[in-house]
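Got your viewer open? Load the model and let's walk through it together, one selection at a time.

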Amino acid sequence: MMTGKWLLAGGAVVASFAGATPALADVTIGPRFSYYFDNSNLRTSDLDGLQDARQVVDETLTQQLVDASGFDDLTLSVQDNGSASNADQVGFPMVGAMINFGDDRDRFTLTAMYGKGKTTTELVSSRQFTIEVGDIGINELSIIQTVVDDKVDRFDLELTWQRRINENFAILAGARYERLDIAGQGTVTIQETDAVRSFVAETLGEELPNRNLDGANQPTTIATDRKLETLSARFGVTAFIPFNGSAVAFFSGMVQGSYQPDSNFGTRFFGVNGNLVREENRKDRGELSVGPDFAVGAQFILTDNIALDIRYRAILYFPLSGDFSFGDSRVNHGINLGVSFRL
C-alpha cells in the first residue's frame, strides 16, 4: 500500500502503519525550508544591556567627597529607575536537509537547518543621583539610550527516533542543538543634567568629565557580539489520521528539557575617528529550562517516490535557573515545508 509505506519513511513526526506491508530498511532524503520566529531578544525580566545604569554607590568616591568638603553628613546615593526595551522578534528564513532511515518499527531522522535574521533593539535606562548635605539636596537625572542593529546567524541540528506503537500512534525521542551567532552595530547616547557631576568636579578640584567618549550628549558608536547555544532532549508521542488514500494529518506533542551554557556578551566602544577606545565583557549565567514542543500538519503523497510535508511547530522554554524568571519564556515557532524523496 503506497500511503502506508510512504508515511513509514516520511520522517520522525509522521507515520501510517495501517495496512502497510513490512518494509525493509529504506532511506528517505530531501530539502527542508522554514520560516521561524525567535523572541529571545524580547525577554524583559533581566534588562542588563546597560550595566552602567545599574552601578551602585561608589563608597570610595563618597569618602573622597566627605574628606574634600569637610561635611561629615554628606551622602551620595543612586536610584535606578529601571529599564525598558523595544524590539521585534527575529524572523529566520531557513534552509536545510533531512535524512530518514530505518524499518517499519523504528525510524531515525537527522535534520540540519541554517538561516539568517536581523532586528533592531532599543534599550532605555534612567537613574537619579542625589547628594545630600544637611537640609540641602542636589539631584541629577541621567538617561541612557542604546540602539543596536543585530544580525543573527542561526544553526539547528536535530536527531529524532520514532517507534511504532499501533496503527495510529508512535512514540518519539530525540536531541536538538541550536546556536545563535549575534553581531550588532549601534550607538549609545547619554543625556543628563550636570548638577551632581559639577559638584563632584568642583569639590575634588577636577574638570567636569564627559559621560560619552566623544563629548557630552553625543552618541558613542559600539559593536557587540554574542553566541547562544542550546542543548535539548525531548520525549513524546505522535498521532495521525489518514484522510484519503494519499494524505495524512498528524499531531505530535513532546516535553523537552534544555540547557543553555554560560555566554559572553562583548561590547567595543569606538571614538570619533573609528579607533577602539575600550572593550567590555559581560558573562551571563547559563539557563536550565523545560517546556512543550508540538507540531501539527499534513503529508501528501505526490508520486511513488515523492511526498510533500507541511507543518507548524512551536517550542517553549520556561527557565528554571539563570537570569530570567519562569514566566519570561523563550518561544520558537514557525512554518516548515519539506519535500521527501524515497531512495
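Here is a short tour that goes from the whole chain to a core and then out to a surface patch.

Keep in mind as you look around that this is a predicted model. Begin with the whole chain in cartoon view: there are three helices and 13 strands to find. The chain has 343 residues, and 42% of them are buried. Take the contacts between residues at least 6 apart in sequence: 73% of these link residues at least 24 apart. Switch on the surface, and you are looking at about 16900 Å² of accessible area, with 57% of that belonging to carbon and sulfur atoms.

Now go inside. Select Tyr36, Val90, Phe92, Met94, Met113, Val152, Leu180, Ile182 and Leu228, the nine residues of the largest nonpolar core. Colour β3 (90-102) and β6 (169-192), as each gives two or more residues to this core. Which one gives the largest share? That is β3, with three residues.

Stay on Leu228 for a moment. Beyond its neighbours within four places in sequence, Leu228 touches Glu178, Arg179, Leu180, Ile182, Gln260 and Ser263.

Next, head back out to the surface. Select Phe33, Val95, Phe243, Phe251, Phe294, Val296, Phe300, Leu302, Ile310, Tyr312, Ile335 and Leu337: together they make a nonpolar patch with about 1000 Å² of accessible area. Strands β11 (287-301), β12 (306-319) and β13 (330-342) each supply two or more of these residues, and β11 has the largest share with three.

Last stop: zoom in on Phe33, in strand β1 (residues 26-38). Is Phe33 buried or exposed? It's partly exposed, because its relative accessible area is 40%, which falls between the 20% and 50% cut-offs.

Conventions: Residues are numbered from 1 along each chain as its sequence is written. This is a predicted model: local features need pLDDT of at least 70, side-chain atom pairs count only at pLDDT 80 or more; totals for chains, interfaces and linings use all residues. Side-chain values use heavy atoms; hydrogens and water are left out. Patches are made of residues with over 30% relative accessible area and no salt bridge: like charges are joined within 9 Å, nonpolar side chains (Val, Leu, Ile, Met, Phe, Trp, Tyr) within 5 Å. Accessible areas come from the Shrake-Rupley method with a 1.4 Å probe; for residues, only the protein chains shown count as cover. A salt bridge is a side-chain nitrogen of Lys or Arg within 4 Å of a carboxyl oxygen of Asp or Glu. Helices (H or I, at least four residues) and strands (E, at least two) are DSSP runs, numbered from the N terminus. Buried means under 20% relative accessible area, exposed over 50%, partly exposed in between (1.4 Å probe, protein chains only). A nonpolar core is a set of buried Ala, Val, Leu, Ile, Met, Phe, Trp, Tyr and Cys residues joined through side-chain atoms within 4.5 Å. Contact means heavy atoms within 4.5 Å.
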